[in-house]
Amino acid sequence: MMWIPMLSLTALPHVGGIFGGLITRKEVKTWYTTLNKPSWRPPNAAFPVAWTTLYTGMGYGSYLVWKELGGFTQDALLPLGLYGMQLALNWAWTPIFFGTHNIKLAMIEIVMLTGTVAATMVSWYPISRTATLLMVPYLAWLCLATSLNYCIWRDNPDPKKDD
């Protein structure tokens, strides 16, 4: 019955992705089109494909760590705790950026997310190099997403500010 934890942990990241997609779907056609964005940004159609791949990789990586450490044990507290923290930060970014249109807060949040993903990878490396390698595309995508978030923040001053 080891396939149940494997499927569950691999699917878990997709839960937040589905809810995030519901928020994004509306805003990407309305508010997002009004923003100044850099010319190098990926096309909108790339995002769901990328996130499906990234969520699957990180989820399976978490399963490998879980399996190697014998489940949710004391030894798993730090590596899976960091993983859970980065997952929560990941899920929070979309409602901040697309839901509240708070580009600056989303920028701060994605920097915290990227750092937490790096810390997760460092904690996973001695346990499972394969799991760590499954996180490399995610970290690379976050670097791109952080740069994109920064450019959008820089190029779209907050209209509510008086200064």
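In this predicted model, Thr120 has a relative accessibility of 0% and therefore counts as buried. Thr120 belongs to helix α4, which covers residues 103–124. Leaving aside residues up to four places away in sequence, Thr120 touches Pro79, Leu82, Tyr83, Gln86 and Met135. One of these contacts, Met135, is itself among the buried residues of α5.

**Helices α1 and α5**

Two helices carry a bend that is followed by a proline. The table sets out their values.

| Helix | Number of residues | Distance between end C-alpha atoms | Expected span at 1.5 Å a residue |
|---|---|---|---|
| α1 | 25 residues | 37 Å | 36 Å |
| α5 | 27 residues | 39 Å | 39 Å |

In α1, the bend is about 30° and is located at Leu12, with the proline Pro13 following within four residues. The end-to-end distance of α1 is nevertheless close to the expected value. Pro13 is also one of the buried residues of this helix, the others being Pro5, Leu9, Thr10, Gly16, Gly20 and Glu27. The cover over these buried residues includes α2 and α3.

In α5, a kink of about 25° is found at Val136, shortly before Pro137. The distance between the end C-alpha atoms of α5 agrees with the span expected for its residues. Its buried residues include the aromatic pair Tyr138 and Trp141, together with Ala131, Thr132, Leu142 and Asn149. The buried residues of α5 pack against α2, α3 and α4.

**The largest pocket**

The largest pocket has a volume of about 810 Å³. The elements giving two or more residues to its lining are α1 (3–27), α2 (46–68), α3 (77–99), α4 and α5 (129–155). Of these, α1 supplies the largest share, with 9 residues. The lining comprises 31 residues, and those nearest the centre of the pocket are Thr24, Phe47, Pro48, Trp51 and Thr94. By class, the lining of the largest pocket consists of 19 nonpolar, 11 polar and 1 charged residues.

**The loop between α3 and α4**

His101 lies in the loop that joins α3 and α4. Its backbone has a positive phi of about 60°, although His101 is not a glycine. Most residues other than glycine have a negative phi. With a relative accessible area of 31%, His101 is partly exposed, whereas Thr120 in the following helix is buried at 0%.

Note on methods: Residues numbered from 1 in each chain as written. Predicted model: local features only at pLDDT ≥ 70, side-chain atom pairs only at ≥ 80, totals over all residues. Heavy atoms only, no water. Buried < 20%, exposed > 50% of the residue type's maximum accessible area, 1.4 Å probe, protein only. Contact = heavy atoms within 4.5 Å. 1 Å grid on protein atoms, 1.4 Å probe; cavity = no way out; pocket = protein on both sides within 12 Å on 5 of 7 lines; lining within 4 Å. Points joined across faces, edges and corners; volume = space filled by probe spheres on them. Nonpolar A, V, L, I, M, F, W, Y, C, P; charged D, E, K, R; others polar. Expected span 1.5 Å × (residues − 1). Bend = angle between axes of the 7 residues up to and from the residue.
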